[in-house]
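Me: Please take a close look at one part of this model, the open sheet. Then place it beside the nonpolar cores.

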Amino acid sequence: MSYVDEVLERVIAKNPAEPEFHQAVKEVLESLRPVIEANEAKYRKEALLERLTEPDRQFKFRVPWVDDKGQVQVNTGYRVQFNNSIGPYKGGLRLHPSVNLGIIKFLGFEQIFKNSLTGLPIGGGKGGSDFDPKGKSDREVMAFCQSFMTELCKYIGADTDVPAGDIGTGAREIGYMFGQYKKIRSVYEGVLTGKGLSYGGSLARTEATGYGLLYLTEEMLKCNGHDIKDKVICISGSGNVAIYATQKAQQLGAKVVTVSDSTGWVYDPEGIDVALLKEVKEIKRARLTEYAAARPSAQYHEGRGVWTVKCDVALPCATQNELLLEDAKELVANGCIAVAEGANMPTTLEATEYLQENHVLFAPGKAANAGGVATSALEMSQNSERLSWTFEEVDGKLKNIMVNIFHNLDDAAKRYGKEGDYVAGANIAGFEKVADAMIAQGVV
């Protein structure tokens, strides 16, 4: 049995009932086969893959808090510190009822390679809780965040582990967590990213993931003989990533015709009105039915269906495993030429393989949505320097990072005879840097 197969068996046996984690490890290791086979004796002796797939440490803790009725509620908090061979652990905090240890491990494992791809000195980690901020008052959210940070603060620090936002964790939640960390530890440091501009946040951080997704997509299209201008784009989701991906796509001359939320989706053949979308989602925190009601050209549909719309480029920006095999078949049949992941692993393995087999350009999330964590690392740099850069400075650095990421994964794919396979290229480029660092630092 090959080394890769041995490790995959071991991961599944040691981590039962964690299908998302199994999926992430399988996707990475399968695409790394040529690299691992070329160095199998060395990597096996070093137990490199065993060390890579086993988190450095993982924390699970109780989060008690009191709701507005005086009732005590109890949630579960998690932080997985996966690998710090190239820098402090870095990764978001997800607040959503679906959160469990397996999902946090899948996200943390992906984060190792995503962070490596940025070229910045940050390792991989992830955290969160099964708390749902939807429908909660500001006081209830503050109560939860303060209780969550009371435990989490024992394990994090500006040079140790620097969490950020994720699904359910926006500027409000980060602010409450930062305040509690500062109160308990009596230290004012860049321990969290995604902070408000008045207390150490970075300009362009809000836009970073969506903007970065478009910078990489634009470069991928350009290097394959296409121009993003005048392309029709379908986007799923209507949160931070989707909104700013839509904004940047339209700035680049493309037309975005769909967005979605957890109850339905909108098709707007005249192009999504970004200002209206922001008002509905960021200010009113309402459903897309309100967008459709205010926009005569928009058609609202219940349930799923974004990927049935004819488009040139598809950008899944909602959540994991949202683009299924049947969706991939619809996209191919409708002439889609490129898919780039704005969310974390939103395309199933079967759908990814189908898209690649049908010569659709495919950029995986660990590369395509790395703009968020890259700008978080730029926020860390600003905090360390006690400086704030302009929007243009941060945006310029972000674009350079995303363009470099594409060329690094393109070069890595070509070196191993996998030209055009950007999934393999991203995993190889991210892995090589981490593997070199792990070996250089000894058995730790």
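Reply: The sheet comes next, then the cores.

This is a predicted model, where local features need pLDDT of at least 70, side-chain atom pairs count only at pLDDT 80 or more, and totals for chains, interfaces and linings use all residues. Residues are numbered from 1 along each chain as its sequence is written, and side-chain values use heavy atoms, leaving out hydrogens and water.

Seven strands make up the open sheet, ordered E9-E8-E7-E6-E10-E11-E12, with mixed pairing. Strands are DSSP runs (E, at least two residues), helices likewise (H or I, at least four), numbered from the N terminus. Two strands pair if DSSP finds at least two bridges between them. E9 (299-302) and E12 (361-363) are the edge strands, each pairing on one side only. On average, neighbouring strands are turned by 15 degrees against each other, direction ignored. Axes are lines fitted to C-alpha atoms, for helices over the stretch in contact; angles run from 0 to 180 degrees between N-to-C directions.

E10 (313-316) and E11 (338-340) run parallel, joined by two bridges. Val-313 stands opposite Ala-338 in E11. Helix H10 (240-251) lies across E6 (232-236) and E7 (255-260), at about 170 degrees to E6. Contact means heavy atoms within 4.5 Å.

Now the cores. A nonpolar core is a set of buried Ala, Val, Leu, Ile, Met, Phe, Trp, Tyr and Cys residues joined through side-chain atoms within 4.5 Å. Buried means under 20% relative accessible area (1.4 Å probe, protein chains only). The largest core has 100 residues; Leu-315 and Tyr-291 are among those touching the most other members. Helix H18 (422-440) gives the most, with 10 residues.

How values were computed. Buried means under 20% relative accessible area, exposed over 50%, partly exposed in between (1.4 Å probe, protein chains only).
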